[in-house]
Amino acid sequence: MKSFVDRTHVKENGTLIVQKEAIEIIPESIETVEDILVRLKRGESVVLALGELPVEQAQRMLDFVTGALYAMSGSVKRVKNDKYILIPPGGRIRKIREYK
């Protein structure tokens, strides 16, 4: 896992803008979903990169997490084919241009 802090304004090079620190999680198994949900409950945004999982597991994880976020009144935004930003209640994204 790696973390990054984005600024509150859009940079010209096309960075992802979030209000708080976000953690990038690259799960290697479905068991990682518990860590993701704990972070979301604490109000942390999560960038979820599903490229390392088999397609069936990735879809299952995405379905589970989006259902949990819906129940918490959070939201999900697709950033790339296999990357999503998970936004807890009260979290905001000002703009997404490109996530590298």
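**Exercise 1. Find the residue in β6 that is the bridge partner of Val46, and describe its surroundings.**

Solution. Val46 has Leu86 as its bridge partner in β6. The model is a predicted one, and the steps below apply to it.

Step 1. Place the partner. Leu86 belongs to strand β6, which spans residues 83–87 and pairs with β4 in the antiparallel sense over 4 bridges.

Step 2. Classify its exposure. The cut-off for buried is under 20% relative accessible area. Leu86 has a relative accessible area of 0%, so it is buried.

Step 3. List what Leu86 touches. Leaving aside residues up to four places away in sequence, its contacts include Glu44, Ser45, Val46 and Leu48, and also Ile36, Leu40, Val65, Leu69, Ser75 and Val76.

Step 4. Add a distance. From C-alpha to C-alpha, Leu86 and Gly74 are 7.6 Å apart, with a sequence separation of 12 residues.

**Exercise 2. Determine how many residues of β4 are buried, and on which faces they lie.**

Solution. Step 1. Count. Strand β4 covers residues 45–49, and 5 of its 5 residues are buried.

Step 2. Sort by face. In a regular strand, side chains alternate between the two faces of the sheet. In β4, one side carries Ser45, Val47 and Ala49, while the other carries Val46 and Leu48. Both faces are covered.

**Exercise 3. Establish the sense in which β3 and β4 run, and trace the chain between them.**

Solution. Step 1. Read the pairing. Strand β3, residues 22–25, runs parallel to β4 and is joined to it by 4 bridges. Within this pairing, Ile25 stands opposite Leu48 of β4.

Step 2. Follow the connection. After β3 the chain passes through helix α1, residues 33–41, before reaching β4. This β-α-β crossover is right-handed.

**Exercise 4. Identify the salt bridge between β3 and β6 and state whether its two residues are buried or exposed.**

Solution. Step 1. Start from the total. The whole structure contains 4 salt bridges. Side chains of opposite charge can pair when their charged atoms come close.

Step 2. Pick the pair. The side chains of Glu24 and Lys83 form a salt bridge with an N to O distance of 3.3 Å. Glu24 is in strand β3 and Lys83 in strand β6, so placed that the pair links distant parts of the chain, 59 residues apart.

Step 3. Apply the cut-off of under 20%. Glu24 counts as buried because its relative accessibility is 2%. Lys83, at 15% relative accessibility, also counts as buried.

**Exercise 5. Work out which residues are linked to Arg39 in a network of salt bridges.**

Solution. Step 1. Begin inside the helix. Arg39 forms a salt bridge with Asp35, and their closest N and O atoms are 3.2 Å apart. Both residues lie in helix α1, 4 residues apart, about one turn of the helix.

Step 2. Extend the chain of pairs. Glu44 forms a salt bridge with Arg39, again with closest N and O atoms 3.2 Å apart. The network as a whole links Asp35, Arg39, Arg42 and Glu44.

Step 3. Check exposure. Arg39 has a relative accessible area of 14% and is therefore buried, whereas Asp35, at 28%, is partly exposed.

**Exercise 6. Locate Ser73 and describe its phi angle and exposure.**

Solution. Step 1. Ser73 is found in the loop between α2 (55–72) and β5 (75–80).

Step 2. Phi of Ser73 is near 70°, a positive value in a residue other than glycine.

Step 3. The cut-off for exposed is over 50%. Ser73 has a relative accessible area of 59%, so it is exposed.

Key:
Residues are numbered from 1 along each chain as its sequence is written. This is a predicted model: local features need pLDDT of at least 70, side-chain atom pairs count only at pLDDT 80 or more; totals for chains, interfaces and linings use all residues. Side-chain values use heavy atoms; hydrogens and water are left out. Buried means under 20% relative accessible area, exposed over 50%, partly exposed in between (1.4 Å probe, protein chains only). Two strands pair if DSSP finds at least two bridges between them. A crossover is right-handed if, with the strands pointing away from the viewer, the path from the first strand over the helix to the second runs clockwise. Contact means heavy atoms within 4.5 Å.
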